[in-house]
Amino acid sequence: FAVMVQDLEAASALAALTSAEAETLASPAGPIVLVPARPATGLVPGVAPDSPLLGLMLPTTPLHHLLLRRLARPLVCTSGNRSGAPIAADPSTALNHLGGIADLFLIHDRPVRRPIDDSVVRFFRGDATVLRHARGVAPSEFAASATAPTLALGAQQKSALALHLIDRIVLGPHIGDLDDQDTRRALDAAAADLPRLFRATPAVVASDLHPDYASTRIADRMGRPQFGVPQHLAHILAGMVDCGLDRPVLGIAWDGTGYGADGSIWGGEAITVTAHSWRRIAHLLPFRLPGGEAAIRQPWRTALGALHALDDDTTGGLPGRGGVHLWPPRAK
C-alpha cells in the first residue's frame with residue numbers, strides 16, 4: 001500500500017531518501033516513490049509485506065494537508081477500487097462497490113471527469129523509472145512523426161492508450177487489466193476521450209494482434225482501418241521511442257508471452273527493426289502448451305509441454321494431475 005506522509009521530514013523518518021527521490025516526492029507531479037524502508041518504521045507489516053521498499057507520497061490536495069495536519073501520522077492511501085476494478089469515482093459506484101470495505105465516505109459535490117490512479121516511480125542507478133504512468137505525469141508526449149493520426153489501444157494487461165499525431169505521440173494514463181467489465185468500459189470511454197481532448201480524428205487504429213483481447217475487440221468496433229501488432233514487437237518499439245532511437249536496432253523481448261505474427265504464442269524473441277520493416281531473426285524453440293493460455297497461469301502445464309518436446313513418454317501426466325493429452329499430437 002502507498003503511505004502518505006505530511007512532508008519530507010516525515011518521509012525521511014520512514015526511508016533513507018536520496019536527494020533525487022526527495023525532489024521527485026516533492027515535485028508538482030507528486031507520484032508515489034518506491035524507496036528503501038528504514039529498519040524500524042513503526043508501520044504495520046501488512047503495509048508492505050516481505051518487501052524492502054515502501055511506496056511513499058506527499059499530500060497533493062488541500063484535503064490531504066488538512067487530514068495529515070489533524071491526524072499527525074502516516075496514512076495508508078489507495079485508489080478507491082477493488083482489486084482489478086477501475087476507480088470508483090462517483091458516489092453511487094463508491095457506495096455500491098466499497099460499502100462493505102470502507103467505514104466512512106467523504107463525498108464532494110463536484111464530479112470527477114477523468115478518474116486516474118497515482119503515478120509510481122522508482123529510481124535505478126540514479127535515474128527515475130515510471131512504473132505506472134498516471135496522475136501528474138499523463139498525458140506525456142514524445143517526438144515522433146506519422147503519416148496519419150493513429151490511436152493505439154494497448155494489450156489486455158496494464159492497458160493504456162497512445163495517440164500518434166503527425167509530429168508526436170501522446171501517451172495516456174494507466175487504465176489497468178481488462179479482465180474486469182468496468183475496466184473495459186473505462187478503456188472504451190478513454191478511446192473516445194483522448195482524441196477529443198487533443199482535437200484529433202484517428203485515421204487508423206492499432207491494437208494487439210491477439211484476437212480475443214478486449215482492446216482488440218474495441219478496435220474492431222471503431223470501424224476504422226486497423227492493424228494488429230505482435231506484443232513483443234510493441235515492447236521493442238516502445239523502448240526505441242523511450243530512448244529516442246530512430247536507427248536500425250536489434251531488440252530482445254524476454255518478458256513473458258504474447259500473440260505472435262504466425263498465430264503461435266511467442267515467449268523470447270530477437271527482432272530487428274528498421275525505419276520501414278521488422279523481422280524476427282531468433283527465438284526460443286517452440287513447444288506445445290497443454291490447455292493453451294491456461295499454461296501461463298499453471299506453470300506445471302508449461303513444464304509438461306517442454307518435456308513432451310523432448311520425449312513423448314512424459315505425456316502421461318504429472319503426479320496427481322490424472323494425465324494431460326496434448327493436441328494436436330506431435331508428428332512422428
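**Figure 1. Overview of the chain, with nine helices and 17 strands**. The model shown is predicted. Along the principal axes, the C-alpha atoms occupy a box of roughly 75 × 55 × 45 Å. The chain has 332 residues, of which 33% are buried. Among contacts with a separation of 6 or more, 46% are between residues 24 or more positions apart.

**Figure 2. Surroundings of Asp 118, in the loop between α4 (91-98) and β5 (120-124)**. Asp 118 has a relative accessible area of 14%; this residue therefore counts as buried, a class that requires a value under 20%. Its side chain makes a polar contact of 2.9 Å with the side chain of Arg 135. Arg 135 is also listed among the contacts of Asp 118 that remain when neighbours within four places in sequence are left aside. The others in that list are Ile 32, Met 57, Ser 79, Arg 132 and Ala 134.

**Figure 3. Helix α5 (residues 181-197) and its two ends**. The helix has 17 residues, and at 1.5 Å a residue it should span 24 Å. The C-alpha atoms at its ends are 24 Å apart, so the model agrees with the expected span. At the N-terminal end, Asp 180 acts as a cap: one of its side-chain oxygens lies 2.8 Å from the backbone nitrogen of Asp 182. Just after the helix, Arg 199 has a positive phi of about 50°.

**Figure 4. Packing of the buried residues of α5**. The buried positions in this helix are Thr 183, Leu 187, Ala 190, Ala 191, Asp 193, Leu 194 and Pro 195. An α-helix has 3.6 residues a turn, so residues three or four places apart point the same way. The partners of the buried residues of α5 are the strands β8 (150-152), β9 (159-164) and β10 (168-176), together with the helix α6 (214-221).

**Figure 5. The second largest pocket, with about 2,100 Å³ of space**. The pocket is lined by 43 residues, and those closest to its centre are Leu 63, His 64, Thr 78, Ser 79 and Leu 106. Ser 79 is also in contact with Asp 118, the residue shown in Figure 2. At least two lining residues come from each of α3 (62-71), β4 (75-77) and α4. Helix α3 provides the largest share, five residues. Sorted by class, the lining consists of 25 nonpolar, eight polar and ten charged residues.

Technical notes:
Residues numbered from 1 in each chain as written. Predicted model: local features only at pLDDT ≥ 70, side-chain atom pairs only at ≥ 80, totals over all residues. Heavy atoms only, no water. Helix = DSSP H or I, 4+ residues; strand = E, 2+ residues; numbered from the N terminus. Buried < 20%, exposed > 50% of the residue type's maximum accessible area, 1.4 Å probe, protein only. Polar contact = N/O pair within 3.5 Å; in protein donor to acceptor, adjacent residues only side chain to side chain. Contact = heavy atoms within 4.5 Å. Expected span 1.5 Å × (residues − 1). 1 Å grid on protein atoms, 1.4 Å probe; cavity = no way out; pocket = protein on both sides within 12 Å on 5 of 7 lines; lining within 4 Å. Points joined across faces, edges and corners; volume = space filled by probe spheres on them. Nonpolar A, V, L, I, M, F, W, Y, C, P; charged D, E, K, R; others polar.
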